[in-house]
Amino acid sequence: MKIFTTDAIKKADAVTIEKEPISSVNLIERAAESSAYWIYLNCKNYTRFTIFCGPGKNGSEGFAIARMLYLKGFDVDVFIDKSKSKLSDDALLNFKRLQDFSGITIYDFVEIDQYNFEKTVLVDALFGVGLSQNLEVIYKDVIQKLNLKKNPKISIDIPSGLFANHLNEENDIIFKTDYTLTFQFWKKSFLHPETGIYSGEVVVLDIKLNQEFIDKTETFDFVIDDDLILKIFKPRENFAHKGIYGKAIIVGGSYGKMGAAVLATKSAMRTGSGLTFVLAPNCGYTVLQTTCPEAIFIEGCEKKIIQIEEQENAVYGIGPGLGTEKETEKGLFKFLKNHQKPLVLDADALNMISKDESYLKIIPKHSIITPHPKEFERLFGKTENSFERLDLAKRKAKELEIIIVLKDHYTQVVTSEGLAFYNVTGNSGLAKGGSGDILTGILTSLLAQQYPSLEAALLGVWLHGKAADFAFEKYSREAMQPTDVINEIGNVFLSLNKKATTKL
């Protein structure tokens with residue numbers, strides 16, 4: 001799914017109005033209908049809604065939603081600024097339609113302090129993606145008061161006060177919602193930690209904007225969705241043998257850190273590599289042979305790895321629990337200088353590379369590196385926020401001709417062409433030691449199965465997050481463990497195969 005800027009979204013609206021053709025107020029009606037229907041399906045435990053409407057398009061949607069919810073049998077009140085705000089033409093039309101319903105009470109913002117908010121859902125329809133400047137004082141005051149309420153909150157299109165494309169100023173007033181019902185596209189600000197905290201759970205509603213315009217309009221930012229994954233995923237052939245699905249070698253582990261190598265090895269096997277090897281210190285032999293009997297152990301030194309030997313037709317995933325001893329560092333860079341094929345670098349491998357900028361230049365082209373924000377900072381330098389970090393990642397991916405998987409709540413896959421793909425599977429249950437090791441194993445396995453580097457990265461981060469979502473449903477974010485995520489990989493593949501092989 002493409003992520004569009006505010007300007008592109010406005011053009012999509014305009015082209016839809018022209019080409020369909022449809023009036024602007026009827027396009028608003030379509031957006032309102034999709035929102036009201038979602039609310040009707042998901043808020044049946046509530047009977048009362050209080051909708052806060054601004055003077056423009058978002059307010060027009062709010063007026064229409066109020067009318068529709070009332071007709072579905074809900075109690076609805078509406079708040080507006082009666083003092084001076086001039087409504088747009090579409091907002092005025094929907095406001096007049098609303099006035100035909102005597103059961104809907106319209107309040108002024110100044111009456112908020114006297115209003116009874118008990119057992120009501122708050123709906124924010126003050127300002128949508130068209131917001132291009134800071135809010136007026138009256139709207140700031142409204143939002144600040146609403147943010148103090150414990151009521152369930154829903155924003156229409158985007159939380160009011162939040163910019164769609166870029167970071168807000170530190171002291172900006174923004175509506176903090178539980179759910180955002182957004183239209184057609186994810187907005188970039190939903191996907192970054194500094195701004196995404198305001199949007200709650202995001203629901204993308206398809207309002208049938210002009211598909212030709214969407215297909216032809218270029219963008220640098222995308223969301224990894226199910227359609228993209230189904231295009232990438234290759235179901236296993238019936239007459240296949242293990243040689244077809246590659247040789248994955250996990251290089252990791254050191255004294256006291258064998259668990260990381262175990263997790264990466266298990267996830268590589270669970271993801272389907274034909275043969276899975278693990279190069280680890282001898283002190284981990286019993287641990288690995290006991291926990292991963294299907295994997296083939298390659299003997300390293302006693303307590304750390306000091307040499308990585310090239311094996312023919314193998315894909316390497318290097319870093320989990322590896323340690324950063326001088327001998328290990330020497331062995332890693334000797335290997336990288338002579339290795340030409342794409343590989344996966346994570347954790348301690350990245351920590352060693354970050355010691356010297358020249359080390360970055362020997363990473364094989366089209367390799368995948370998977371830094372979390374602190375590792376990224378050590379590799380490439382400090383940035384002020386996640387928007388700047390992504391811009392820097394795009395520059396570095398292009399410069400080094402690699403793929404950077406920038407781990408975050410919404411992990412970004414950054415390509416050498418300057419594209420960013422946001423992954424929206426996964427949850428905060430992954431915020432535990434070992435989760436990154438699992439991702440390393442998954443990515444190494446997919447590369448071994450001859451997925452191109454970008455496809456391996458896209459499918460890998462999606463698969464990792466989806467397995468975590470399945471684990472969350474069983475164990476909760478708090479209790480789920482990395483091993484639970486590995487155990488759910490099979491269920492994700494079952495689901496994928498079912499979708500990919502459906503004939504009717």
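Leaving aside its neighbours within four places in sequence, with which residues is leucine 345 in contact? In this predicted model, the residues that leucine 345 contacts beyond that sequence window are Ile318, Leu336, Leu350, Ile353, Ile363, Ile368, Ile369 and Thr370.

The wider setting of leucine 345 is the division of the protein into domain 1, covering residues 6–218, and domain 2, which is made up of residues 229–380 + 422–499. The centres of domain 1 and domain 2, taken over C-alpha atoms, are separated by 43 Å. The largest nonpolar core comprises 97 residues, and those with the most contacts inside it are Ile51, Val78, Ile318, Leu345 and Ile404. Because domain 1 (6–218) and domain 2 (229–380 + 422–499) both contribute residues to this core, it lies between them. Another core, of 40 residues, lies apart from it and includes Val344, Val405, Trp462 and Val492.

Valine 344, a member of the 40-residue core, is found in strand β13, which spans residues 344–345. The relative accessible area of valine 344 is 0%, and because a residue under 20% counts as buried, valine 344 is classed as buried. When neighbours within four places in sequence are left aside, valine 344 is in contact with Tyr316, Gly317, Ile318 and Ile368, and also with Thr440, Leu443, Thr444 and Leu447. Valine 344 and isoleucine 369 stand 25 residues apart in sequence, while their C-alpha atoms are 5.7 Å apart in space. Isoleucine 369 is also one of the residues in contact with leucine 345.

How values were computed. Residues numbered from 1 in each chain as written. Predicted model: local features only at pLDDT ≥ 70, side-chain atom pairs only at ≥ 80, totals over all residues. Heavy atoms only, no water. Core = buried A, V, L, I, M, F, W, Y, C linked by side-chain atoms within 4.5 Å. Buried < 20%, exposed > 50% of the residue type's maximum accessible area, 1.4 Å probe, protein only. Domains from an automatic or database assignment. Contact = heavy atoms within 4.5 Å. Helix = DSSP H or I, 4+ residues; strand = E, 2+ residues; numbered from the N terminus.
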